[in-house]
Amino acid sequence: MPVGDRYQPDPRHTTLGRAFFDPVAPATFPDAKIRFRNDRWAARVGLDALTDAEWAAHFAGFAALPGNLSEPLALRYHGHQFRHYNPDLGDGRGFLFAQMRDTADNRLLDLGTKGSGQTPYSRDGDGRLTLKGGVREALATEYLEALGCYTSKTFSLIETGEPLFRNDEPSPTRSAVMVRLGHSHVRIGTFQRLAFLQQRDEIETLLGYVRDVYGLGATSAGDDLAAAVLADAARNIAHMAAEWYVAGFVHGVLNTDNTTLTGESFDYGPWRFLPTLDVTHTAAYFDQTGLYAFGRQPGALHWNLQRLADCLLPNSTEAALTAALNTFGDHFEARLTTMTLARLGRAVPADGDLRAASELVQSFYRTLHGAQLPFEQTFFDLFGLDEARWSKASAAEAYASGDWPALLGQLAALPDADGLDAARATDYFAGPTPETLVIDEVEALWAPIAADDNWQPLNAKLDRIRAMGSAYAPLLPPRAGHVPIG
């Protein structure tokens, strides 16, 4: 199959050895209709020249990509699921299909699947994915990417023609196989499995792998690689938690097997975006205690990092690992502050008074919570801290009362963010309303697909989300080393 000149295969995962994966065969599907093809990111990895037939052969038939993995690999891991340890996990309906370099920044990226068939870890599952589940993941990843969150990318979604039976959807329902592009599938649960099996040598191997391949711990001084890796993972995961907060995003299933050391969010199941700022908002109907509610996500992720520290204790010291864990709060606060201000078109002052800016951001969220104004609409109304803009908004009366006037005056006094003029010039911010993605909208986008196989509303929504992303691109600071697509 032809690929672009910029395609740089680099299958590294096999160097870890067979203790980390099982070779598997993909399912055979009766049909292959391409429903979503991410040509923006295909271009970044040199695969945009594939014809539709070639695309389907690789991403539904799983013919190996040139110079890449010769067979798919189901990855081995354990994990805490809602705080209960499960040693029977692993890739149950997916596998690692290929690895290649990002042409913009040379990151190693993975192509992993969802719905590609049964593996040794499927347990009682059929290894399949519903088409609706794939559509929901495409929407989540596109929207989070547009808001500057470091997320996996939905790379391909292909309808496969099998009727599926699910308890949470009208059945039979349509099936699909999805391919996601992501920065590593090394999870906290990957380390947990090795610790559970008391495979200390393999933990050392994995620590060396994440240092050499992903740069975790590579710049830290000293011989304590385990603590250095934990410190970098704490930074990455704290940044992810902050980005979700600024986006009003609830992941829903923050188990340790869903938490990667690179801090890139992935595996979207019962996610939600907030209608209004509600710290108790949950995404999963089965999260009856609110363990993973919106306001508890930073704490849940810090708990996951503590489980990683447990695994690394034989390779480090309690003092060094505790020091690494204790950096989480500062990283979270810094990222929350810079991202929130950027969404408002403001910046931390040049004198670097992050603490004062952080206190102002906390005041913003307290005021937003108390007012219960629409979450995304508020960011849209207050963009640029321009009184002429917010005075025309539907919530103008609210912005002129209570704590809002003093708060808005303080925010307006902050420096303009770099890129503010470029963002202001876009059609997106000239429009009357923002793009939102609350659950009722998701259901409304799925309804015409289910009823009439009408994909036009979904495709139009994805176009608008990408336009939003282009508008925010000059403003939102990316993670270090990551070059997003604007």
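This document is a guided tour of the structure, stop by stop, with a selection to make at each one. The model is predicted.

**Stop 1: the segment before β1**

Begin by selecting threonine 14, which lies in the segment before β1 (21–23). Is this residue buried, partly exposed or exposed? Threonine 14 is partly exposed, because its relative accessible area is 38% and the partly exposed class runs between 20% and 50%. Next, display its surroundings. Leaving aside the neighbours within four places in sequence, threonine 14 is in contact with Phe21, Leu69 and Leu73. For a sense of scale, add asparagine 326 to the selection. Threonine 14 and asparagine 326 are separated by 312 residues in sequence, and their C-alpha atoms are 34 Å apart in space.

**Stop 2: a loop with a positive phi**

Move to phenylalanine 82, in the loop between β4 (79–81) and β5 (84–86). Most residues other than glycine have a negative phi. Phenylalanine 82, which is not a glycine, has a positive phi, near 50°.

**Stop 3: strand β7 and its partners**

Select residues 108–114, which form strand β7. How many of the 7 residues of β7 are buried? The count is 7 of 7, and the strand is described as mostly covered. Turn the view so that each side of the strand can be inspected. On one side are Leu108, Asp110, Gly112 and Lys114, and on the other are Leu109, Leu111 and Thr113; all of these are buried, so that both faces of β7 are covered.

Now add strand β6, residues 96–101, which pairs with β7 in the antiparallel sense over 5 bridges. One bridge to look for joins alanine 98 to leucine 111 in β7. The two strands form a hairpin with 6 residues between them. Within this hairpin, asparagine 106 has a positive phi, near 70°.

Then add β10. Strands β7 and β10 are also paired in the antiparallel sense, over 5 bridges. Here aspartate 110 stands opposite glycine 182 in β10.

**Stop 4: strand β9 between β2 and β10**

Keep β10 on display and select β9, residues 153–159. This strand is mostly covered, with 7 of its 7 residues buried. Which strands pair with β9? Strand β2 (residues 33–37) is joined to β9 by 4 bridges, and the two run antiparallel. Arginine 37 has serine 156 in β9 as its bridge partner. Strand β10 (residues 175–182) pairs with β9 in the antiparallel sense over 6 bridges. In this pairing, lysine 153 stands opposite leucine 181 in β10.

**Stop 5: the loops on either side of β10**

Follow the loop between β9 and β10 until you reach proline 172. Most peptide bonds are trans. The bond that joins serine 171 and proline 172 is cis, with omega at about 0°.

Continue to the loop between β10 and α4 (188–196), where serine 184 is placed. Serine 184 has a positive phi of about 90° although it is not a glycine. Is serine 184 buried or exposed? Serine 184 counts as buried because its relative accessibility is 5%, and the cut-off for buried is under 20%.

**Stop 6: helices α3 and α18**

Select helix α3 (residues 131–146) together with helix α18 (residues 456–472). They pack at an angle of about 20°, with their axes 8 Å apart. Therefore α3 is roughly parallel to α18, since angles under 35 degrees are classed in this way. Their crossing is left-handed. To see the contact, show the side chains of Val135, Ala138, Leu139, Glu142, Tyr143 and Ala146 in α3, and those of Leu458, Lys461, Leu462, Ile465, Arg466, Met468 and Tyr472 in α18, where Gly469 also takes part. By class, the residues of this contact are 10 nonpolar, 1 polar and 3 charged.

**Stop 7: helices α10 and α14**

Finish with helix α10 (residues 354–371) and helix α14 (residues 404–412). Their axes come within 11 Å and cross at roughly 150°. The crossing of α10 and α14 is left-handed. From α10, the contact involves Leu360, Ser363, Phe364, Thr367, Leu368 and Ala371; from α14, it involves Trp404, Leu407, Gln410 and Leu411. What classes of residue make up the contact of α10 with α14? There are 7 nonpolar and 3 polar residues, and no charged ones.

How values were computed: Residues are numbered from 1 along each chain as its sequence is written. This is a predicted model: local features need pLDDT of at least 70, side-chain atom pairs count only at pLDDT 80 or more; totals for chains, interfaces and linings use all residues. Side-chain values use heavy atoms; hydrogens and water are left out. Axes are lines fitted to C-alpha atoms, for helices over the stretch in contact, and angles run from 0 to 180 degrees between N-to-C directions. Angles under 35 degrees count as roughly parallel, over 145 as roughly antiparallel, 65 to 115 as roughly perpendicular and the rest as oblique. A crossing is left-handed if the near helix is turned anticlockwise from the far one by less than a right angle, and right-handed if clockwise. Contact means heavy atoms within 4.5 Å. Ala, Val, Leu, Ile, Met, Phe, Trp, Tyr, Cys and Pro count as nonpolar, Asp, Glu, Lys and Arg as charged, and the others, Gly among them, as polar. Buried means under 20% relative accessible area, exposed over 50%, partly exposed in between (1.4 Å probe, protein chains only). Two strands pair if DSSP finds at least two bridges between them.
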